[in-house]
Each structure stands twice: as structure tokens, then as C-alpha cells.
Amino acid sequence: MLSFSIEGLTSFSIAPIKFIFSLGLFSLLVVALINGYSIFRKLSGLVVSGWTSLMLSVWFLGGLLLISVSILGVYIGKVFFRSEKSTEIHH
């Protein structure tokens, strides 16, 4: 039953890909907020050495990867829907 619901959600829609894109943008927003907090903590000397750069790079690269994958997914989804429409016209 669960597999049917997942199939129904992902088979004819690019909505999950748009959600991933939003998640990537949210991740980059969180990076901007953590960046300010981390710099404040670093300047006050209350942080372990290497923590700031590690956290910022992980969050930033994660957000960038989510956005990149979702852009590719939207592109592939559009190509699929256009090819599906063109085969319906010719049949």
C-alpha cells in the first residue's frame, strides 16, 4: 500500500522536486543565519577550532547539492512531459 502511494506521488508530478528545491533554498538561508552566529561565536572565542568552517561548508554544500539536483529534476520532468505530449499528438 505504501509503494502505491509513493508511486502515485512521484509518477506524474514534479511537485516533490519543487519541494526539494525549496528545501535547498531553506538550507542556504539557514547557512546565512548560522554564518552570522558562527562568526559571532568565533570572535568571542567560545568555539572549538575548526567547528565554524566545518558547519558552514557542510550546510552550504548540502544546500547547493539539493538545489542542483532539483534543477536537473525539473528539467528532466519538463522534457518528459513535452515528449509525452508529442507522442499523444502523433497517435
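Which residue follows H2, and what is the sign of its phi? Gly 45 comes right after H2, and its phi is positive, near 80°. Please keep in mind that the model you are looking at is predicted.

## The chain as a whole

Let's start with the overall layout. The protein chain holds three helices and zero strands, and its elements read α-α-α from the N terminus on. Buried residues account for 14% of the 91 residues.

The accessible surface of the chain is about 7,100 Å², and carbon and sulfur atoms contribute 76% of that area. As for contacts with a separation of 6 or more, 76% are made by residues 24 or more positions apart.

## Helix H2

H2 covers residues 15-44. With its 30 residues, H2 reaches 43 Å from the first C-alpha to the last, close to the 44 Å expected at 1.5 Å a residue. If you walk along this helix looking for buried positions, you will find Gly 24, Ser 27, Val 30, Val 31 and Ser 38.

A general point may help when you read that list: an α-helix has 3.6 residues a turn, so residues three or four places apart point the same way.

## A nonpolar patch on the surface

Now turn to the surface, where Phe 19, Ile 20, Leu 23, Phe 26, Leu 29 and Leu 33 form a nonpolar patch. Together these residues have about 600 Å² of accessible area. One of them, Phe 26, sits in helix H2.

## Two serines in helix H3

Helix H3 spans residues 51-90 and includes Ser 70. Is Ser 70 buried or exposed? Ser 70 has a relative accessible area of 2%, and because buried means under 20%, this serine counts as buried. Its side chain reaches the backbone oxygen of Ile 67 at 2.8 Å. Leaving aside residues up to four places away in sequence, Ser 70 touches Ile 17, Ile 20 and Phe 21. Ile 20 may look familiar, as it is also part of the nonpolar patch.

Ser 57 is found in H3 too. At 33% relative accessibility, Ser 57 is partly exposed, because that class runs between the 20% limit for buried and the 50% limit for exposed. How far apart are Ser 57 and Val 31 in sequence and in space? The two are 26 residues apart in sequence, and their C-alpha atoms are 8.8 Å apart in space. Val 31, for its part, is one of the buried residues of H2.

Methods: Residues are numbered from 1 along each chain as its sequence is written. This is a predicted model: local features need pLDDT of at least 70, side-chain atom pairs count only at pLDDT 80 or more; totals for chains, interfaces and linings use all residues. Side-chain values use heavy atoms; hydrogens and water are left out. Patches are made of residues with over 30% relative accessible area and no salt bridge: like charges are joined within 9 Å, nonpolar side chains (Val, Leu, Ile, Met, Phe, Trp, Tyr) within 5 Å. Accessible areas come from the Shrake-Rupley method with a 1.4 Å probe; for residues, only the protein chains shown count as cover. A salt bridge is a side-chain nitrogen of Lys or Arg within 4 Å of a carboxyl oxygen of Asp or Glu. Helices (H or I, at least four residues) and strands (E, at least two) are DSSP runs, numbered from the N terminus. Buried means under 20% relative accessible area, exposed over 50%, partly exposed in between (1.4 Å probe, protein chains only). Contact means heavy atoms within 4.5 Å. The expected span of a helix is 1.5 Å times one less than its number of residues. A polar contact is a pair of N or O atoms within 3.5 Å; within protein, one must be able to donate a hydrogen and the other to accept it, and residues adjacent in sequence count only if both atoms are side-chain atoms.
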